[in-house]
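Visitor: I'm new to this one. Could you show me how to read it, feature by feature?

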Amino acid sequence: MRTVAFYDNRGRMHIYRWDLDKTYLETDFSSLRGLVRAATEPAAEKRAVPGAPALIRHLRDRDDARLFILSGSPTQMREVLEEKLRLDGVRYDGLILKDNLSNLRRGRFRAIRGQFGYKLPQLLISRRGMGRAVRETLFGDDAEVDALIYSVYADVLAGRLRSAQISRIMESAGAYPDRIDSALESIAALPTGEVVERIFIHLERGTPPGKFSVLGHRVVPVFSWWQAALVLFGEHRLSHDGLMEVLQEVISAEGLTDWSVAGLAQDMVLRGHLSAAILDRLPGALGKRCQQAIGRITPPPPRSMTPRTVDYLALLKGWEDGGR
């Protein structure tokens, strides 16, 4: 894989990394019918998660942004997925898909469903050539173990996990030895730094947000991409126009009322991911509804920004791993 170099010592470059299934695309893997549909339906019939196309377009359209997509979808779907992204107006800088046909031929059956041994090495490889100033925001879902993989990735880059720890974590997650070696080789070539700003996890399965609290402030579980858009707007990563376009996509697809939208904003404030002051910048009736929704609540104390130590081996044993 070609390494792309981003030498931006002034910190202007920002990387956005997205998963596809259940993060960007509404994909049903729970039934045979859903699997067949995902593999055979044309690009025009594939449905995006509400708000995802607008969010990804506006994040990528900034001159300082790059978009990389890393998906467990098979390489045989590349053409239709590229067409879907084109139809949605999404510009991306890299699209990596999983070569499950090769895994099958080689008898690597754990790798067919496994995600740790696939995604973590790919993330680390794609980071090579980037300096500490290049920051990242990652997007995944709760259908697999994206939150754990992304958190391990962030802690590796920050220097909080040593090679021996990574080896044990990946082995426990079912990764094959060559994938572990690939990850360790990349780690040895990477500078350390706090480069991952946020990890957004779309709660496609409706997992209770509190389950992710053990991973610290960096992980932000969301029921809707409108919630992620609010956080990114508050952090000046998303423009006002982008925020409102995400909202319109969500309202159009899900038929939400002003009160429903305000309730989602209230949820972000209550969980400590969003300052109530950000809602003062919302226009008209929407702003009033949001202010009314939070008017009688007591915002929680500021979330600690100190990175916490995570026992990933213990989490792997107790986590409901849909991607192993």
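Guide: Happy to. Let's begin with one residue: K22 has a relative accessibility of 11%, so it counts as buried, since the cut-off for buried is under 20%. Keep in mind that we're looking at a predicted model.

Visitor: Where does K22 sit, and what is its phi?

Guide: Here's the general idea: most residues other than glycine have a negative phi. K22 goes the other way, with a positive phi near 70 degrees. You'll find K22 in the loop between β1 and α1 (32–40).

Visitor: And H236, what about its phi?

Guide: H236 isn't a glycine either, yet its phi is positive, at about 65 degrees. Look for H236 in the loop that runs between α10 (225–234) and α11 (240–254).

Visitor: Is H236 buried or exposed?

Guide: Exposed: its relative accessible area is 58%, and the cut-off for exposed is over 50%.

Visitor: Let's zoom out. How many helices and strands does the chain have?

Guide: Count 14 helices and 6 strands. Of the 324 residues in the chain, 53% are buried. If you take contacts between residues at least 6 apart in sequence, 77% of them join residues at least 24 apart.

Visitor: In what order do the strands line up in the sheet?

Guide: Read across the open sheet and you get β3-β2-β1-β4-β5-β6, with parallel pairing. β3 (94–98) and β6 (219–222) are at the edges with a single partner strand each, so one side of each has no neighbour in the sheet. On average, neighbouring strands here are turned by 15 degrees against each other, ignoring direction.

Visitor: How do I read the pairing around β4?

Guide: Follow the bridges. On one side, 5 bridges join β4 to β1 (residues 14–18), and the two run parallel; one pair to look for is H14 with its partner R135 in β4. Then 6 bridges link β4 to β5 (residues 196–202), again parallel, and there L138 has I199 of β5 as its bridge partner.

Visitor: How much of β4 is buried?

Guide: As a general idea, side chains in a regular strand alternate between the two faces of the sheet. In β4 (residues 135–141), 6 of the 7 residues are buried, leaving the strand mostly covered.

Visitor: What joins β5 to β6?

Guide: That parallel pair is held in the pattern by 4 bridges. Try finding I201, whose bridge partner in β6 is P221.

Visitor: Which helix lies across β1, β2 and β4?

Guide: That's α2 (residues 52–60), which runs at about 140 degrees to β2 (65–74).

Visitor: Now a helix on its own. How should I read α9?

Guide: Start with its span. α9 (residues 177–188) has 12 residues and reaches 17 Å from first C-alpha to last, close to the 16 Å expected at 1.5 Å a residue.

Visitor: Which residues of α9 are buried, and why do they line one face?

Guide: The general idea first: an α-helix has 3.6 residues a turn, so residues three or four places apart point the same way. In α9 the buried ones are I180, S182, A183, S186 and I187. Looking down the helix axis, these buried residues fall within an arc of 160 degrees, so they line one face of α9.

Visitor: What covers that buried face, and what is on the other side?

Guide: The cover over the buried residues of α9 includes α6 (116–127), α7 (146–157) and α8 (163–172). Over on the other side, P177, E185 and A188 are exposed.

Note on methods:
Residues numbered from 1 in each chain as written. Predicted model: local features only at pLDDT ≥ 70, side-chain atom pairs only at ≥ 80, totals over all residues. Heavy atoms only, no water. Expected span 1.5 Å × (residues − 1). Buried < 20%, exposed > 50% of the residue type's maximum accessible area, 1.4 Å probe, protein only. Arc of directions from axis to C-beta. Contact = heavy atoms within 4.5 Å. Pairing = 2+ DSSP bridges. Axes fitted to C-alpha atoms, helices over the stretch in contact; angles between N-to-C directions.
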